[in-house]
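Biologist: I've got a new model on my screen and plenty of beginner questions. Can you walk me through the words people use for it?

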Amino acid sequence: MATMNVSLPDSLKQFVDEQVSDRGFGTTSEYVRELIRFDRDRSLLRERILASADAEFSEPMDGAYFERLRGVIRAAGDGTAAR
């Protein structure tokens with residue numbers, strides 16, 4: 001595992017220490033890794049959303065399409081979604 005040193009002003013260091021304590025992280029490194037993973041996942045999601053904006057759809061995105069989509073989401077929420 002690689003090591004990085006990061007300099008923070010006192011106010012940010014205090015914030016990080018509070019987050020580690022309040023959110024149950026064992027170490028500052030765990031907290032920072034979680035932030036980096038979150039940012040990486042957000043970036044990947046953004047890329048996928050932008051890529052899908054250029055995709056061609058096999059069916060029109062009308063009211064019926066969105067109603068079917070809502071049904072899939074509802075079913076996923078209650079554990080009955082088909083795989």
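Modeller: Sure, helices first: helices (H or I, at least four residues) and strands (E, at least two) are DSSP runs, numbered from the N terminus. This is a predicted model, where local features need pLDDT of at least 70, side-chain atom pairs count only at pLDDT 80 or more, and totals for chains, interfaces and linings use all residues. Residues are numbered from 1 along each chain as its sequence is written, and side-chain values use heavy atoms, with hydrogens and water left out.

Biologist: So what makes the pattern of the protein what it is?

Modeller: Those runs come to three helices and zero strands, and read along the sequence they give α-α-α.

Biologist: What makes something a pocket here?

Modeller: On a 1 Å grid over the protein atoms alone, a pocket is an open set of points with protein on both sides within 12 Å along at least five of seven lines, and lining residues have an atom within 4 Å of a point. The volume is the space filled by probe spheres set on the points, with grid points joined across faces, edges and corners. The largest pocket holds about 530 Å³. Its lining has 15 residues, and M4, V6, T28, S29 and V32 lie nearest the centre.

Biologist: Which helix gives the most to that lining?

Modeller: That's α2, with five residues. Both α1 (10-22) and α2 (28-53) supply at least two residues each.

Biologist: Why is I36 called exposed?

Modeller: Exposed means over 50% relative accessible area, buried means under 20%, and partly exposed is in between (1.4 Å probe, protein chains only). I36 comes out at 52%, so I36 counts as exposed. You'll find I36 in helix α2.

Biologist: And why does T3 count as exposed?

Modeller: Same test: T3 has 70% relative accessibility, so exposed is the word for T3 too. T3 sits in the segment before α1. From T3 to R70 you go 67 residues in sequence and 45 Å in space, C-alpha to C-alpha.

Biologist: How many of the 83 residues are buried, as a percentage?

Modeller: Buried residues make up 8% of them.

Biologist: How do you know what radius of gyration a compact globule of 83 residues would have?

Modeller: There's a rule, 2.2 Å times the number of residues to the power 0.38, and the radius is taken over C-alpha atoms. A compact globule of 83 residues would be near 12 Å, but this protein has 21 Å. Along its principal axes, the C-alpha trace spans about 55 × 30 × 25 Å.

Note on methods: 1 Å grid on protein atoms, 1.4 Å probe; cavity = no way out; pocket = protein on both sides within 12 Å on 5 of 7 lines; lining within 4 Å.
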